[in-house]
Amino acid sequence: MNDHEWLAARFEENRSHLRAVAYRMLGSLSEADDAVQEAWLRLSRSGADEVENLGGWLTTVVGRVCLDQLRMRKARREDSLEVYVPEPLVSRPDALDPEHEALLADSVGLALLVVLETLTPVERLAFVLHDMFAVPFDEVAPLVDRTPAAARQLASRARRRVQGAAPAPDTDLARRREVVDAFLAASRGGDFEGLLAVLDPDVVLRADAGGAPDGLSKLVRGARAVVEQALTFSRFAPFARPALVNGTPGLVTAQGGQPLSVLGFTIAHGKIVEIDILADLARLSRLDLSILDD
């Protein structure tokens with residue numbers, strides 16, 4: 001085995017971990033894969049002769065690449081009021097795809113990714129690297145051009161926002177599936193009261209249709225307002241099929257082989273507290289939904 005082959009083998013040992021870091025940072029598996037590929041290019045150019053901890057070095061490189069991407073994304077959205085839903089990981093309803101299982105080891109649901117989107121890029125980096133992957137603040141600090149104490153403050157501020165905004169979901173998978181099934185049945189039947197019965201009074205619906213016209217992207221709060229939106233979904237309900245969306249029961253709608261939307265649900269105390277819908281056709285086209293084919 002030559003030096004390049006040895007380096008490639010070491011990189012592959014770290015790939016799953018690096019993808020998990022990048023997915024939490026970017027909320028997009030396609031962008032995460034780009035960040036991981038960039039880390040490989042930097043490693044192959046520089047070599048690892050003087051790197052004592054290759055895994056740690058690669059983690060910080062991926063963190064730096066993701067930070068640059070987040071800053072560019074923020075600049076692009078600076079004047080935009082669009083609703084944004086991260087790209088979900090979709091698996092069959094009966095079991096997680098093994099690749100997704102590795103990425104979701106810390107139960108990273110869509111609700112958490114949505115909250116992470118509200119953080120500044122440096123807050124997100126400090127929180128993800130330290131709180132999710134135990135990277136010491138001494139190593140985080142140079143990435144955000146702060147002292148270790150200031151990096152700690154960034155992570156602490158992010159932690160408070162995450163804990164205050166991300167709902168704590170139920171852990172019973174079968175019960176969550178029952179709630180989603182009840183939502184789908186009520187949507188298909190146009191059952192107003194049935195929908196109210198499964199929604200938390202303060203439920204939030206977030207729909208991201210990308211650049212589609214006619215105000216399809218929206219943020220709706222409150223059970224009755226969400227029911228009205230859910231009833232408009234009823235015409236697509238016959239095309240909905242169960243799936244696991246970031247490890248929790250959700251729905252995928254497709255017609256004629258064309259994916260129309262992915263619905264992720266956050267369920268707490270037996271009620272739906274958040275519905276996150278990705279209906280951006282351009283981003284849906286990047287998702288691998290073939291795993292749902294019979």
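Contact here means heavy atoms within 4.5 Å. With that in hand, welcome to the tour of a predicted model, where local features need pLDDT of at least 70, side-chain atom pairs count only at pLDDT 80 or more, and totals for chains, interfaces and linings use all residues. Residues are numbered from 1 along each chain as its sequence is written, and side-chain values use heavy atoms, leaving out hydrogens and water.

Select Leu116 to begin. Leaving aside neighbours within four places in sequence, Leu116 touches Arg24, Arg124, Phe127, Val128, Met132 and Val162.

Next, colour the largest nonpolar core, a set of buried Ala, Val, Leu, Ile, Met, Phe, Trp, Tyr and Cys residues joined through side-chain atoms within 4.5 Å; buried means under 20% relative accessible area, exposed over 50%, and partly exposed in between (1.4 Å probe, protein chains only). This core has 61 residues, and Phe11, Met25 and Leu116 have the most contacts inside it.

Now show the salt bridges, each a side-chain nitrogen of Lys or Arg within 4 Å of a carboxyl oxygen of Asp or Glu. The count comes to 19. Try Glu12 and Arg15, whose side chains meet at 2.8 Å, N to O. Glu12 is partly exposed, at 45% relative accessibility, and Arg15 is partly exposed too, at 27%.

Which residue forms a salt bridge with Arg73? Select Glu31: the closest N and O atoms of the pair are 2.6 Å apart. Arg73 is buried, with a relative accessible area of 5%.

Last stop: Glu123 and Arg157, with their closest N and O atoms 2.7 Å apart. Glu123 is buried at 4% relative accessibility, whereas Arg157 is partly exposed at 36%.
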